Each structure stands twice: as C-alpha cells, then as structure tokens.
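Biologist: I should like a close look at a single part of this protein. Please describe one helix together with the backbone around it, and state how far the model can be trusted.

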Amino acid sequence: MATRDDILVELGLTPTWRRRDSGGLPAAAVASVALESAVPKPLALREAGLRAAPAPVVAQDATARAPRIAALSWEEFAGDVDACTACGLCKTRNKSVPGVGDVDAEWLFVGEAPGAEEDARGEPFVGQAGRLLDNMLAALGMARGRNVYIANVLKCRPPNNRTPEPSEAEACRPYLERQVAMIRPKLIVALGKSAASLLLGTDATIASLRGRVHRYRGAPLIVTYHPAYLLRNLPDKAKAWEDMLLARRTVAASPDNSVADPPPVAR
Ligand code: SF4
C-alpha cells in the first residue's frame, strides 16, 4: 500500500530540488525528459507514421459518416480527423488532435477537448497539465506511448476553451468509438468531469463518479480529476492517486481484450 510519502514524491509535491547540471530544470522535468527519451524508437516512428498518413477526401454525409469512421484503419485515422468538417470547430482549429500513444495499449486516458497548446502542437495533454499526467504515469511505472494511449472526446479545440456544444460532442463521438474499438483497452480513465459526463452521459458530480468502475462500450472506466484541476487544487492530488491505484487494480483483474464487441456503428 502506498504511503503518504510515496504519493507526495510520485506526484511532485515534495520540495523542488534543482540539479546543478540540469540547466535549472526541476528534478521532475529532468525525469520527464529521461522518460521521453526512453520511449522505444520503433513506437515513436510508428506514431510519426500514423500522423503522416495522407488525408483522404472525406464525404461529410451524416448518415454515411459513422459507418465509414467505424471502418477506418490506424493508417487512415489521423488523416481522416485532419480532414473532418463535421462540426464548426474545424473552422477555428489550428491542428486537429487525434490522439497519441501505443495503439495496443491496455490503458486509454480520455480528456474533454484540446486546449491552446494542444491545438498548436496537435498532441493531447502537453504543457503543465500534460507534465503532471506524465508524472502520474511514471508513478504507475508507465509512460506516454508505452502501454498508454491518450486522447480527447473532441479532436478539435473549442474557441477560448469553452464547453463543447452537445452537437459538437455528438459529431466527434464516432472517432473516439473507433479508437476504443481498435485499441481494445483494458481500462479507460476519464480525466475530469466534462470527459466523464460526455462518456457516461450523466451530469453527476465527479465526487459521486469517483471510486467505482463504470463501463464504456464494454470497457471498464474510472473517473478521476483532470490534471489541470489538480494543478490548482493540490490536496486533491492524493485523491487522484487513490483513483490511479483503483485503476491499476482494475487492469490487473481485467481479462484480455475487455471490449468484447465492436461498438454500434450508427447512433
Ligand atoms: Fe470533426 Fe471532431 Fe473536429 Fe468537429 S471536433 S471538426 S467532429 S474532428
């Protein structure tokens, strides 16, 4: 069982020591860089290859769209999201943010939508909140891209980080469903109330959703706080760590390939 000291160390709540040879970077940042460079090269190349897939010509016919997305391969996926014009967010995005990570991952982390930095870089959970997520993964012995896939419900940024419209979330839903069907994760972790609400179709508080196992398209789902919230509410980091321990127990108890059947194609 993790002690309080373990939690504080793993989530970066201990004093920030700076190594003289680290160029002034905090120790956690140095560890993060080391973790990044530890990601196996073939995986990094595979991700780059997926991202570089040519964008197909996309028919945006609403009835044909869901079954077409449900049949996408990984090679087609990022290009298809890049070309998507199914909701108004395509007009204001700089880059679409399909997702990143190990396509055979057991863990799928899902946030609500990209923010400004994600929109600029085309990658989910970058910046301070992303570094905290990376620290949480490291505390579990994992790393971004190593048995972990990270995505958002919406693949394009809502202007000024406003709450997505229900119609936008609905238009984007087939993409996440396709990712879940292809990855077949042992566990989905919903990061924050918005992601949990969109995935579970509930307005319940995050306090009432935490601490138990839900299901999304056949896969176990756990709800925890969004890393950006944790940056502003340090005491809740310990609760987030409890959620991660529940998540780890759930993965350990899960049979192979938790998504038993492909998700329904049309909604
Ligand atoms: Fe398409 Fe989703 Fe982007 Fe809307 S948010 S344009 S549905 S990819």
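Modeller: The account below begins with confidence and then turns to helix 7 and the loops.

The model is a predicted one. Its protein chain has a mean pLDDT of 81, with 72% of residues at 70 or more. Confidence is highest in strand 4 (residues 187-191), at a mean of 98, and lowest in helix 2 (residues 27-38), at 35. Residues 51-59 have a pLDDT below 50, and this stretch makes 17 contacts beyond near neighbours in sequence. Where pLDDT is low, the predicted coordinates should not be read in detail.

Helix 7 comprises the 13 residues 127-139. From first C-alpha to last, helix 7 reaches 18 Å, close to the 18 Å expected at 1.5 Å a residue. Because 10 of its 13 residues are buried, helix 7 is largely enclosed by the rest of the structure. Among the buried residues are Gly127, Leu132, Leu133, Met136 and Leu137, as well as Asp134 and Asn135.

The backbone on either side of helix 7 also deserves attention. In the loop between helix 6 (116-121) and helix 7 lies Phe125, a residue other than glycine with a positive phi of about 50 degrees. Most residues other than glycine have a negative phi. With a relative accessible area of 3%, Phe125 is buried. Just after helix 7, Gly141 adopts a positive phi of about 80 degrees.

Asn161 offers a further case: its phi is positive, near 55 degrees, and it is not a glycine. This residue is found in the loop between strand 3 (148-152) and helix 8 (166-183). Asn161 is partly exposed, at 46% relative accessibility, whereas Phe125 is buried.

How values were computed
Residues are numbered from 1 along each chain as its sequence is written. This is a predicted model: local features need pLDDT of at least 70, side-chain atom pairs count only at pLDDT 80 or more; totals for chains, interfaces and linings use all residues. Side-chain values use heavy atoms; hydrogens and water are left out. Helices (H or I, at least four residues) and strands (E, at least two) are DSSP runs, numbered from the N terminus. The expected span of a helix is 1.5 Å times one less than its number of residues. Buried means under 20% relative accessible area, exposed over 50%, partly exposed in between (1.4 Å probe, protein chains only). pLDDT is the predictor's confidence in each residue, from 0 to 100. Contact means heavy atoms within 4.5 Å.
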